[in-house]
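The following exercises treat one protein structure with its bound ligands. Attempt each task before reading its solution.

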Amino acid sequence: MNERAKVTDTAPIPAVPTLPDAQTVTAVQHWTDRLFSFRVTRPQSLRFRSGEFVMIGLMGDNGKPLLRAYSIASPNWDEELEFYSIKVPDGPLTSKLQHIQPGDEIILRPKPVGTLVLDALLPGKRLWFLATGTGIAPFASLMRDPETYEKYEQVIMMHTCREQAELEYGRKLVEDLQNDPLIGEMVEGKLLYYPTTTREDGPKMGRITDNLSSGKVFADLDLPPMDPATDRAMVCGSLDFNTDVKAVLEGFGLREGANSDPQEYVVEKAFVGEGV
Ligand code: FAD
Ligand code: A2P
């Protein structure tokens with residue numbers, strides 16, 4: 001048998017799901033020692049709206065599923081599902097999840113929900129995505145959904161992290177989107193990316209709240225200040241971030257909406273903090 005045939009004969013066979021609601025990991029990428037992304041197979045029956053979240057996890061040592069909420073970072077047309085995750089050193093789930101490899105299985109409950117969906121906003125001209133840290137995950141989905149650009153003339157992605165390396169997942173995603181043969185043309189001139197750092201020098205700096213309140217982001221992007229007649233916003237970060245951004249948006253006259261009551265902005269927690 002020649003070398004080539006040998007390789008073909010021993011090529012790995014995709015794992016057969018054995019857990020209830022099991023999906024197979026197809027790719028894993030580590031961005032920093034605290035951040036990674038991964039892709040899994042998508043259940044054939046799973047329909048979701050870009051921006052929604054699902055419960056995913058692993059089987060715990062006690063034989064019970066250990067599940068956490070995760071935004072689906074891939075758009076609804078993608079044949080796989082992508083997630084962008086924190087690694088909490090002592091976190092019950094992520095201390096284990098960070099070690100997954102292609103071929104491993106995770107549990108995925110196929111019941112998508114969430115408020116960061118286009119349907120929860122009234123029609124408008126400009127759509128602002130405001131995120132810190134892993135809060136960019138739902139917008140990674142919405143930025144890659146053509147419907148976002150059909151509904152809005154401009155889409156502005158503001159993402160803030162402490163350090164440059166933490167912005168890399170979003171930076172690469174936007175770059176790939178702009179170079180994409182299919183969607184690239186659609187986002188050209190429409191998607192404005194505004195990444196900032198707060199604890200490491202970089203091309204652009206400052207908290208999202210400060211850059212909105214001072215008018216810096218409007219001046220930098222040559223946009224008028226937010227106006228409830230034209231601007232819509234989606235917010236995803238820590239509880240403190242969400243609270244402070246809400247106050248800024250209300251200051252511009254925008255009102256909070258929900259699936260059942262579409263208005264000018266919507267909010268979701270990127271995670272539940274300690275003691276909250
Ligand atoms: P946990 O016991 O859940 O958390 C321990 C502590 O770590 C928390 O108290 C908090 O202080 C901190 N922490 C948890 N998650 C984060 C985070 N994402 N960023 C910064 N600090 C954090 N996490 C993701 O990584 N990606 C997502 O797309 C995502 N989507 C979410 C959507 C919703 C609606 C909610 C409520 C949470 C989401 N989370 C997401 C958080 C996620 O559910 C878990 O908390 C996280 O995976 C850590 O799990 P754990 O069991 O290791 O630690
Ligand atoms: P800063 O470095 O000034 O605290 P964290 O890692 O603590 O979750 O923060 C992620 C990013 O969100 C950091 O850049 C942080 O800025 C910023 N941030 C944290 N809290 C707020 C808030 N209440 N308003 C605006 N930005 C915030």
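A salt bridge is a side-chain nitrogen of Lys or Arg within 4 Å of a carboxyl oxygen of Asp or Glu. The model used throughout is predicted.

**Exercise 1.** Determine how far apart the closest N and O atoms of Asp-78 and Arg-39 are, and explain what the pair ties together.

*Solution.*
Step 1. The closest N and O atoms of Asp-78 and Arg-39 are 3.0 Å apart.
Step 2. The cut-off for a salt bridge is 4 Å, and Asp-78 and Arg-39 do form one.
Step 3. Because Asp-78 belongs to the loop between β4 and β5 while Arg-39 belongs to strand β2 (residues 35–41), the pair ties together parts that are 39 residues apart in sequence.
Step 4. In total, the structure holds 18 salt bridges.

**Exercise 2.** Describe the surroundings of ligand 1: which residues are the closest, and which atoms lie opposite its oxygen atoms?

*Solution.*
Step 1. Ligand 1 is surrounded by 21 residues, of which the closest are Ala-69, Tyr-70, Tyr-84, Thr-94 and Thr-134.
Step 2. By class, this shell consists of 12 nonpolar, six polar and three charged residues.
Step 3. Tyr-70 places a polar side-chain atom 2.7 Å from an oxygen atom of ligand 1. The backbone also takes part: a polar backbone atom of Leu-93 is 2.8 Å from an oxygen atom of the ligand, and a backbone N or O atom of Val-272 is 3.3 Å from an oxygen atom of ligand 1.
Step 4. Ligand 1 exposes 870 Å² when taken alone, and the protein buries 84% of that.
Step 5. The elements giving two or more residues to the shell around ligand 1 are β4 (65–71) and β5 (80–86). Of the elements, β4 gives the most, with four residues.
Step 6. As for location, ligand 1 sits in the largest pocket.

**Exercise 3.** Describe the surroundings of ligand 2: how do its shell residues divide by class, and which element gives the most to the shell?

*Solution.*
Step 1. The residues around ligand 2 include Thr-132, Cys-161, Arg-199, Phe-241 and Asp-244.
Step 2. The shell of ligand 2 divides into two nonpolar, four polar and five charged residues.
Step 3. β8 (154–161) and α9 (239–251) each supply at least two residues of this shell; α9 gives the most, with three residues.
Step 4. A polar side-chain atom of Arg-199 lies 2.6 Å from an oxygen atom of ligand 2, and a backbone N or O atom of Cys-161 lies 3.4 Å from an oxygen atom of the ligand. Asp-244 has a polar side-chain atom 2.8 Å from a nitrogen atom of ligand 2.
Step 5. Taken alone, ligand 2 exposes 550 Å², of which the protein buries 79%.
Step 6. The space taken by ligand 2 is the largest pocket.

Terms used:
Residues are numbered from 1 along each chain as its sequence is written. Chains are lettered from A and ligands numbered from 1 in the order in which they are written. This is a predicted model: local features need pLDDT of at least 70, side-chain atom pairs count only at pLDDT 80 or more; totals for chains, interfaces and linings use all residues. Side-chain values use heavy atoms; hydrogens and water are left out. A residue is near a molecule or strand if one of its heavy atoms lies within 4 Å of it. A polar contact is a pair of N or O atoms within 3.5 Å; within protein, one must be able to donate a hydrogen and the other to accept it, and residues adjacent in sequence count only if both atoms are side-chain atoms. Accessible areas come from the Shrake-Rupley method with a 1.4 Å probe; for residues, only the protein chains shown count as cover. On a 1 Å grid over the protein atoms alone, a cavity is a set of points where a 1.4 Å probe fits but cannot get out, and a pocket is an open set with protein on both sides within 12 Å along at least five of seven lines; lining residues have an atom within 4 Å of a point. A molecule sits in a cavity or pocket if more than half of its atoms lie within 2 Å of its grid points. Ala, Val, Leu, Ile, Met, Phe, Trp, Tyr, Cys and Pro count as nonpolar, Asp, Glu, Lys and Arg as charged, and the others, Gly among them, as polar.
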